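Biologist: Please bring up the model. I have some questions about its strands, its loops and its symmetry.

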Number of protein chains: 2
Amino acid sequence: MIKKLTPDELSTLLAELKQWQLSEDSNAIHRSFKFADFNEAFGFMTRVAIKAQEMDHHPEWSNVYDKVEITLSTHAAKGLTERDARLARFIDSIT
Amino acid sequence: MIKKLTPDELSTLLAELKQWQLSEDSNAIHRSFKFADFNEAFGFMTRVAIKAQEMDHHPEWSNVYDKVEITLSTHAAKGLTERDARLARFIDSIT
């Protein structure tokens, strides 16, 4: 069973992931993305989808044309875990 | 300039697209989808994305694991048009 990050671990993570915002309940992180057009936005989503499937850890996300909104959380842990950190780092590495 | 469907055309369309729901302001249609897993859900989204790009008419949509929510509307016409009807028919044809 994957365990929720401690408050200290979460602070360290948020200092690292500067472009992600913590949800009010501290159980999720969110980032908004804007691309040149739909092709770029969906291309990005496809890269994230393949990584998510490999990790067996999936985002909650939405898309409108050139915009993508991503929320990460680990339902099994009812909060943020190292899996969210890894997926967020991957996402940051391709944007 | 693409024109908004008339109330009569909209009624006919809604009778045809039985699985889509009209928004309160009558300017959009919405359908929810559930798949076996993320692979199926994102595979479906990819087929819709390729069609949308070909049509130059894009959905507003969100995904959480095996679920996909799609809203169709034509911003340039501030309502529903024949483009939404065509994209909805394509989506129905692959589900």
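**Loops, strands and an axis**

Modeller: K78(A) is exposed, with a relative accessible area of 68%. Bear in mind that this is a predicted model.

Biologist: Where is K78(A) found?

Modeller: K78(A) has a positive phi of about 50 degrees, although it is not a glycine. Its place is the loop between β4 and α3 (82-93) of chain A.

Biologist: Is S26(A) buried, partly exposed or exposed?

Modeller: S26(A) sits in the loop between β1 and β2 of chain A. It is not a glycine, yet it has a positive phi of about 60 degrees. Buried needs under 20% and exposed needs over 50%. The relative accessible area of S26(A) is 30%, so S26(A) is partly exposed.

Biologist: How many residues lie between β1(A) and β2(A) in the hairpin?

Modeller: Strand β1 (residues 21-22) of chain A pairs with β2(A) in the antiparallel sense, over two bridges. Q21(A) stands opposite H30(A) in β2(A). The two strands form a hairpin, with S26(A) in the turn, and the number of residues between them is six.

Biologist: Which side chains of strand β2 (residues 29-34) of chain A are buried?

Modeller: In a regular strand the side chains alternate between the two faces of the sheet. Here H30(A), S32(A) and K34(A) point to one face and are not buried. Pointing to the other face, and buried, are I29(A), R31(A) and F33(A).

Biologist: Which residue in β4(A) does R31(A) stand opposite?

Modeller: β2(A) also pairs with strand β4 (residues 67-72) of chain A. The sense is antiparallel, over six bridges. Opposite R31(A) stands I70(A).

Biologist: Why does H58(A) count as buried?

Modeller: H58(A) lies in the loop between α2 (38-55) and β3 (60-64) of chain A. Among the residues it touches are A52(A), F38(B) and Y65(B). The cut-off for buried is under 20%. H58(A) counts as buried because its relative accessibility is 14%.

Biologist: With which side chain does that of H58(A) make a polar contact?

Modeller: H58(A) touches Q53(A). The side chains of the two make a polar contact at 2.9 Å, so to speak of the partner is to name Q53(A).

Biologist: What relation holds between chain A and chain B?

Modeller: A turn of 180 degrees and a shift of 0.0 Å along the axis lay chain A on chain B, with an RMSD of 0.0 Å. That is the relation of a two-fold axis.

Biologist: Which C-alpha in chain A is nearest the axis?

Modeller: It is 1.9 Å from the axis, and it belongs to S62(A).

Terms used:
Residues are numbered from 1 along each chain as its sequence is written. Chains are lettered from A and ligands numbered from 1 in the order in which they are written. This is a predicted model: local features need pLDDT of at least 70, side-chain atom pairs count only at pLDDT 80 or more; totals for chains, interfaces and linings use all residues. Side-chain values use heavy atoms; hydrogens and water are left out. Buried means under 20% relative accessible area, exposed over 50%, partly exposed in between (1.4 Å probe, protein chains only). Helices (H or I, at least four residues) and strands (E, at least two) are DSSP runs, numbered from the N terminus. Two strands pair if DSSP finds at least two bridges between them. A polar contact is a pair of N or O atoms within 3.5 Å; within protein, one must be able to donate a hydrogen and the other to accept it, and residues adjacent in sequence count only if both atoms are side-chain atoms. Contact means heavy atoms within 4.5 Å. Copies are superposed by least squares on the C-alpha atoms of residues with pLDDT of at least 70 in both. Lists of a residue's contacts leave out its neighbours within four places in sequence.
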